[in-house]
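Visitor: Please take me through one metal site closely. I would like the donors, the geometry and the surroundings.

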Amino acid sequence: MRYCILASGSRGNSTFIETQYARILVDVGLSAKKIEDYLKSIEIDPDSIDSIVLTHAHTDHVRGVGQLAHKYKLPIYAHPETLDAITPKLKQGQKIEPWQEAFYVKDAFFTPFHLSHDCYPTFGYLIRENSKTLAICTDLGVTTERVADHLRSANILILESNHDPLMLMNGTYPWHLKERIASRVGHLSNVEAGELIRNVYNMNMEKIILAHLSEDNNTSKLALNTVLEIVGNQLEPYIHVIEQRRISEVFQL
Ligand SMILES: [Zn+2]
Ligand SMILES: [Zn+2]
């Protein structure tokens, strides 16, 4: 499996995943044009994409989905309620693939798991090819043992580390927004991400990627240092941080 985080954060999210037989985008939170540009920059022809899979219907995850799906005739896999929510963005005749539980996109096996977030429903995914598993887990206000159970089986963990609690509270956001982000249906803080990693880390985990960082209430250094304080410096070689405005390298699993 190869994967590349094209963008991550409140300005837009999209992750490219390639298995032996499939090329998939998880979320299309950027314009179709930007997605095309990013894919070309990693030498992927947008025409070779097979499918789109969505986590939830927030704009930063679905902004370009209608355009991109229409232009390249891509089926959209999502929970039925997510598909309902994005219907206004879709053109007539658009192919949709509602799922109720775990599903295949060609040889990629997707196991969804529920996340507590202020967009109902929101899912994380385990994505398995052969014996290797990638987890995508962003946009959650609180962690549960059920979420942790799923993450334990991942070889690669892409995890939200959204904000530093002090930066958020002392920052310029209006109070209702601060409350929303910090709430049980908001976003995971650096501290919560660190505690979750400490809870789920095991020898099968090859890489942990901190993602969906807030541009206003976090820095990549702060996210990394906070997490390391909690999990211990011995994990430093395994932890990467994704910055909002920079496409990640193409990782191989
Ligand atoms: Zn988001
Ligand atoms: Zn969201």
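Guide: Here is the site of one zinc ion, followed by the cysteines.

This is a predicted model: local features need pLDDT of at least 70, side-chain atom pairs count only at pLDDT 80 or more, and totals for chains, interfaces and linings use all residues. Residues are numbered from 1 along each chain as its sequence is written, chains are lettered from A and ligands numbered from 1 in the order written, and side-chain values use heavy atoms, without hydrogens or water.

Four residues coordinate the zinc ion (ligand 2): His 56 through NE2, His 58 through ND1, His 117 through NE2 and Asp 139 through OD, at 2.2 to 2.5 Å. Donors here are N, O and S atoms within 2.8 Å of the metal (3.2 Å for Na, K and Ca); water is not among the atoms, so sites may look incomplete. Along the chain, the donors are spaced H-x1-H-x58-H-x21-D.

Asp 139 also bridges to the zinc ion (ligand 1), 3.5 Å from the zinc ion (ligand 2). His 56 and Asp 139 link distant parts of the chain, 83 residues apart. His 56 is buried (under 20% relative accessible area; exposed is over 50%, partly exposed in between; 1.4 Å probe, protein chains only), at 0%. Asp 139 is buried too, also at 0%.

Now the cysteines. The count is 0 disulfides, a disulfide being a pair of cysteine sulfur atoms within 2.5 Å. For Cys 119, the nearest cysteine sulfur is that of Cys 137, 15 Å away. That is too far for a bond. Cys 119 is buried at 11%; Cys 137 is buried at 0%.

Terms used
Helices (H or I, at least four residues) and strands (E, at least two) are DSSP runs, numbered from the N terminus.
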